[in-house]
Every structure is written in structure tokens, then in C-alpha cells.
Amino acid sequence: MRGIWEPHRLVLAAIGAGLVIWCAVSLRWDWIPQYAGEMAQGVWRTIWLLVLSVAIGMTLAIPLGLAQAAGPWWLAAPARAFCTVVRGTPLLLQIWLLYYGLGTLFPQYPWIRNSDLWPILRQAWPYALLALSLSYAGYEGEVMRGAFKSVPPGQLEAARAMGVPRFTLFRRIWLPQAVQRVLPTLGGETVLQMKATPLVATITVVEIYEVASQVRRELLITYEPLLLLAAVYMALAGVIVLIFRWLENRVPQKRA
Amino acid sequence: MKMKSLVLVATLLAAPVAAQEVKVGIAAEPYPPFASPDASGNWVGWEVEIIGAVCTAAELNCVVTPVGWDGIIPSLVSGQIDAIMASMTITEERMQTIDFSNKYYNTPTVVVGAKGVDMAPTAEGLAGKIIGVQVSTIHEAYVNKHFAATAAEVKTYQTQDEANQDLVAGRIDAIQADSIALDAFLASEAGAACCEMKGVVADDREVLGQGVGVGLRKGEEELKAKFNAGIDKIRADGTYDTITAKYFASSIYGD
């Protein structure tokens, strides 16, 4: 603990605090109350996009990983192709393909345009959520493939020999150990996913980045909204790191 | 060594003054038929030709510099460019930050919507509709002031093209923009198939402004006088009308 109070750290901390105070005092912050509602809404939209896309993405990533690690070739090959395509193309391109590509095909069919689903399909967020989820699934499918393969086969063989049903084996032995092994990786990937969310602003989803852009455009100021935006993303990243640290510590593990 | 760098600094400081080089900022987003890059990347269009003509008439050495639209005013204020000629309307709000020359064109503002859908360019006529506009434009300000209360939603786009595309896709019900920009859209294949002119919106000088002028930094009276003289000169000698005739059926100078 003594390490924190070493002189060079104190100096660095003082410089950091000084910068924050300088920003708070000498920059223009009077616009915050005016935009508070929109910013809160923007942060909320960023959070639910992130949480839902990670949840959906992870749900897809487990079968994708399993298919590649242990599936027959006719499951492994498409799963591998999906992960390769998603990981090999820019997310912005995927978002635009879904929104300006797929999304503009729908209205050509009158039965879609007149259906009850159209009020949802004409909005932008379903495409944003779909693109973010597929992207996360692509990256995590690859991570899960490695994770499933890294569980010692002896354990699975032993379980089989004891007559453990296949699904119970997967649920109680294979999956928990695979996830446990890649939790630190998943934490980092989730932070990356958070940092990918501003891309959806390009298809009219007004999340926190777009709110900051609005402030920049309307008040013609540059640093203040961007610095605030950086602080918001740092705070979100901090929360993600804490959640994953808690998850990692929750499962007791034997260390070699 | 020190001496050399001092000389270099002096040359760098002196050079722009001597050559009277004026960096004219245009929006990097295509805005046909005013300014858009052609197949080889050169900027062409009515406004690009007008920039050339005004600068020649005002004896300025202009360099056309594309700048992202949403950062164009900060670029002017910070000195990365010296003038804005990007179809920027003269408004009270912008006048607080920058200065403007006299107008060089002024066109009516119109609403375009899907064919067969009943709507009018009024608050009641657009009730419950989703309206798309380009961000940071007078049209965004106008829609927010007059239509936002009754409309279902106002969506903002980085470029007019994206708003047009979403109207074609049926994601929005109407778009509002300059009549010339929307005439060009309605003349296109996709625009002609889906949409029609719904009418001219009621004038609001406070928001819609007093026409399009050259944006300049405050206090640069000499440059402003040169641009005004340049505009007057091409208006008087027919250059303005010659260029206009190449792009439009009628005059776009306005009243």
C-alpha cells in the first residue's frame, strides 16, 4: 500500500487533478443543464444497445464456438465462414449494409410495408442492434471456439464414462469451464464493443455520441462536449471492467 | 541555425499576405447541383463556378478547400479556412459567431413527401409524420420551431442524400430542404418514383434567413468588401446569369 504515496505518484496525481480543475474552471459548461435530458437519454440508449447486443451476441457465440470446436463439418464450416466474414469486414460497413441495404429492400414488398411489424422495421435501432449483435457474435464465436477446445478432454471423457447425459455434461462441465477461461478476454471485448457503439449514430440512432455532436453543432464548441463524452465512455468502461472482475472472482478456481 | 529558422518563420508569415491567398471552404459532403465531386474527384457545380467567378472578379487567389459541414464554422473561426461558400444561409444565430457578405442566392424552402400520402407544408399538415432534415441547417431549425410539436419525430442526417434515401425507403414521411436540392432529387429515378412536392413552407426570416452569403470571420471588413464587390460585378456583367443558365431553368438570386 505504501507504493501509492511515493513522491512521483503524488506529483502525477497532482498534475491529473490540476488538469481536471483547469478544465472545470476555464472551459464552458453552462450548456449542460440545457442538454441534460438528451444526454441522459443518449447514455441510456448506449447502455441498452450495449447490454442487449452483448447478450444476443453471446447467445449466438456459444453455438458458433461449439460448432467450430466439436461440430460436424456441415455445422463447423458455416460457423467458421460467418466468423471470418464478420471479423474481416468493418463494422461500419455491416451497419450500412443492414440499414441502407436490407432496410431499403423491405418497403418494396407491400405486405411488409402494411404489416404490424413495419412501424418497428422502419426505425433505425433494430438494424443497429442487429449489426452490433452479429459483430459481437462473430468475434466471440472465435473466442468460444478456443475456449471449448481448451477444456481438458479427459474431463469430458470421464464424465461420459460416468454416464452423464450429453446436455448435462455441456451445461455443468464443459460450458462453465470454457467461459471461466475466457472471462478476461470477454471483458476486454465488451469494452471494445462499447467503443463501437458510436458507429450507429451514422444511421440516425441518437445515442450519447450523437448528443455530443449535436451540442458541438449547435453551440459551435469543440472541446467541452468531447471531453464530457470521453468521461462518460471512461465511466462506462470502468463499470464493465468492475462487472467482469466480479464475475471472475465469483467462481472459485484452483490456481496452479 | 537559429537565424535560418527565424527567416523561415518570417517567410511563412509573410507569404500568405503577399499572395492574397484565400482558402474558400466548401462542404465536403456532396450537395448537387451546387457542389459535388465528379468522377475524377474535382469539385464541380454552380457554387464552385460562382466561387471561381467571384474570386476572379474580386482579384482574389482562391483555393477551394472541402471541410466537413458540421465543423465548417469552427474551421473558419480557427483560421483553417478564410471564407465559407457552402450554400450557408445568413442567419441571426450564425451572425453571432461569424460575419457574412451580401447574399449570392436565395431559394424557397419546400417539403417533399411520399406520393399519395396526404400532407401539407404546415404544422397541421405534417401532424403525426416523421420528418427528415440535414443537421445544422436552417431546415433543421425551421422544422424544430414549426413542425416538431405536432410531428411524430424529427430525424437528422449528416447529408441530404441520406435523408432522401430514407424517404425512398419509407422510413420517414417527408423531407424539408432547399427547392433546388429537392428538385434535383425529384428529377432522379428513385425520387420520381416515390415522391412528390408537397409545397413551399411559410417564410420565417428569423430562421430561414436572408439568403446565402459568403461566411467570413468577424472584423475582416476588407475581405468582405472584396467579396461584395465581386458578387456585384458578376451580377452586373452577366457572368452570374451565364453560370446559372448552365444549371437551372430560372434565376435563383431571389427577390
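# A quick tour of chains A and B

With 255 residues, chain B would be expected to have a radius of gyration near 18 Å if it were a compact globule, and its 20 Å agrees with that. Keep in mind that this is a predicted model. Chain B holds eleven helices and twelve strands, and we'll spend most of our time there before looking at chain A.

**Chain B as a whole**

- If you lay chain B along its principal axes, the C-alpha trace spans about 70 × 40 × 35 Å.
- Of the 255 residues in chain B, 42% are buried.
- Take the contacts in chain B with a separation of 6 or more: 73% of them are between residues 24 or more positions apart.

**The five-stranded sheet in chain B**

- Reading across this open sheet of chain B, the strands come in the order β9-β8-β10-β7-β11, and the pairing is mixed.
- β9 and β11 (195-200) of chain B sit at the edges with a single partner strand each, so one side of each has no neighbour in the sheet.
- On average, neighbouring strands of this sheet are turned by 30 degrees against each other, if you ignore direction.
- Now zoom in on one pair: β8(B) and β10(B) run in the parallel sense and are joined over two bridges.
- B:Ile131 has B:Ala174, in β10(B), as its bridge partner.

**Helices that pack on the sheet**

- Helix α5(B) lies across β7, β8, β9 and β10 of chain B, and runs at about 150 degrees to β8(B).
- Helix α6 (residues 160-168) of chain B packs on the sheet too, touching β8, β9, β10 and β11 of chain B.
- The direction of α6(B) makes about 160 degrees with that of β8(B).
- Which residues of helix α5 (residues 138-146) of chain B are buried? They are B:Ile138, B:His139, B:Glu140, B:Ala141, B:Tyr142 and B:Val143.
- The cover over those buried residues of α5(B) includes the strands β7 (109-114), β8 (130-134), β9 and β10 (174-178), along with helix α9 (205-208), of chain B.
- A handy bit of background: an α-helix has 3.6 residues a turn, so residues three or four places apart point the same way.

**A closer look at B:Glu162**

- B:Glu162 is part of helix α6 of chain B.
- Is B:Glu162 buried or exposed? B:Glu162 is buried, because 20 other C-beta atoms lie within 10 Å, and 20 or more is what it takes to count as buried.
- B:Glu162 and B:Gln134 are 28 residues apart in sequence, yet their C-alpha atoms are 8.5 Å apart in space.

**Backbone oddities worth finding**

- B:Pro32 and B:Pro33 are joined by a cis peptide bond, with omega at about 0 degrees.
- To find B:Pro33, go to the loop between β1 (21-27) and β2 (36-37) of chain B.
- B:Ser87 isn't a glycine, but it has a positive phi of about 55 degrees.
- B:Ser87 belongs to the loop between β5 (83-84) and α4 (92-95) of chain B, and it is buried, with 22 other C-beta atoms within 10 Å.
- Over in chain A, A:Leu220 isn't a glycine either, and its phi is positive at about 55 degrees.
- A:Leu220 is in the loop between α10 (208-219) and α11 (223-250) of chain A.
- A:Leu220 counts as partly exposed, because 19 other C-beta atoms lie within 10 Å and being buried takes 20 or more.

**Where chain B meets chain A**

- The contact between the chains involves 13 residues of chain B and twelve residues of chain A.
- On the chain B side, α3 (72-77) and β9 (153-157) each supply at least two residues.
- β9(B) gives the largest share of that side, with three residues.
- By type, the chain B side divides into five nonpolar, five polar and three charged residues.

**The two domains of chain A**

- Chain A is divided into domain 1 (1-30) and domain 2 (36-250).
- How many Å apart are the C-alpha centres of domain 1 and domain 2 of chain A? They lie 35 Å apart.
- Four residues of domain 1 of chain A are in contact with four residues of domain 2 of chain A.
- On the domain 1 side of that contact in chain A, three residues are nonpolar, one is charged and no residue is polar.

Terms used:
Residues are numbered from 1 along each chain as its sequence is written. Chains are lettered from A and ligands numbered from 1 in the order in which they are written. This is a predicted model: local features need pLDDT of at least 70, side-chain atom pairs count only at pLDDT 80 or more; totals for chains, interfaces and linings use all residues. Helices (H or I, at least four residues) and strands (E, at least two) are DSSP runs, numbered from the N terminus. The radius of gyration is taken over C-alpha atoms; the globule rule is 2.2 Å times the number of residues to the power 0.38. A residue is buried if 20 or more other C-beta atoms lie within 10 Å of its own, exposed if 12 or fewer, and partly exposed in between; C-beta atoms are placed from the backbone. Two residues are in contact if their C-beta atoms, placed from the backbone, lie within 7 Å. Ala, Val, Leu, Ile, Met, Phe, Trp, Tyr, Cys and Pro count as nonpolar, Asp, Glu, Lys and Arg as charged, and the others, Gly among them, as polar. Two strands pair if DSSP finds at least two bridges between them. Axes are lines fitted to C-alpha atoms, for helices over the stretch in contact, and angles run from 0 to 180 degrees between N-to-C directions. Domain bounds come from an automatic or database domain assignment.
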